[in-house]
Amino acid sequence: MARGPGWLAAAALLLLLLAPSSEAGCAELGRCCRGRDLACVSSGWRPDRSHGACYCDQACPRTMDCCHDYPQACPEVSCAVSEWSDWSGCAEPCQATYRVRRRHVVQEPRNGGEACPPLEEKAGCVEYWNQEGAECKQSLIPALITTGGYGKARKKRAASSENEGAGYCVEFQITAIMEGCLQGNSSYTQWMRYLSEGHTVCVECQHPALDSRSLHCYGDGSGSKKNQMLHWQAMGNPQCRGTWRRVRQLDTCSCPSVHSFLFI
């Protein structure tokens, strides 16, 4: 059956109606909106191929009423942050306190992108010099400990000291531990999960925690009686503490790295 010019005109009109208009939708609206915003409306084709009011807000993918060009005009952009800064010094000298590191937002999230992570972290620390540069003379009881990895930075800082002692290692057997040691989720508290009741741990005493007069670290149990229960606390989490008994003193530590710690 022959088809005349009228059929071709009708077919062309149908194709024109089915083709999304480049002048309608989110591009024409010129903005993308947060949440559900009924004022963030344009007109054009929707995903269900119906034509009419369509939206350019974050909720439209769920409500299935986005304008046809929403993915292109309003792309999802997640938050981006900078690298962490160096750790600050301790907030207060000569006492158990905290240090801080920060990062900043490089790209704000848009159009439902992933939210920004925390921009600040704190970790426990003790500073052994006051603001005038004099060495602190203060006993910190109970024993304050941190991960053995912190010792590398400490040794580098203290390398120029003429009065630095040789240092030593003390083995302890943990006799009790609080559940708070398992509750820290920050990267700087992960080491506390290796503190377990009954385990033998090595705690290194090095400068500047090594007192220049007594040549001992505070809380090392050097004056304790045999099998006496001594108290310890993990820096960075006040809820992580417990008791241990001193086993012996050595020149160097030989425990596995996950069971090697440091007097603060």
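Trainee: Why is Glu 171 called buried or exposed?
Mentor: Glu 171 has 8% relative accessibility, so Glu 171 counts as buried (under 20% relative accessible area is buried, over 50% exposed, in between partly exposed, with a 1.4 Å probe and protein chains only). This is a predicted model, in which local features need pLDDT of at least 70, side-chain atom pairs count only at pLDDT 80 or more, and totals for chains, interfaces and linings use all residues. Residues are numbered from 1 along each chain as its sequence is written, and side-chain values use heavy atoms, with hydrogens and water left out.

Trainee: What makes the contact of Arg 248 with Glu 171 a salt bridge?
Mentor: The closest N and O atoms are 3.0 Å apart. A salt bridge needs a side-chain nitrogen of Lys or Arg within 4 Å of a carboxyl oxygen of Asp or Glu, so the pair qualifies.

Trainee: What accessibility class does Arg 248 have?
Mentor: Arg 248 is at 42%, and therefore counts as partly exposed.

Trainee: How do you know that Asp 57 and Arg 36 form a salt bridge?
Mentor: Their closest N and O atoms are 3.1 Å apart, so the criterion is met. Asp 57 lies in the loop between strand 2 (51–55) and helix 3 (60–63) and Arg 36 in the loop between helix 2 (26–29) and strand 1 (41–45), so the pair ties together parts 21 residues apart in sequence (helices, H or I of at least four residues, and strands, E of at least two, are DSSP runs numbered from the N terminus).

Trainee: Which residues are linked with Arg 36 in a network?
Mentor: Asp 57 and Asp 65 are linked with Arg 36 by salt bridges. The Asp 65 pair has an N to O distance of 2.7 Å.
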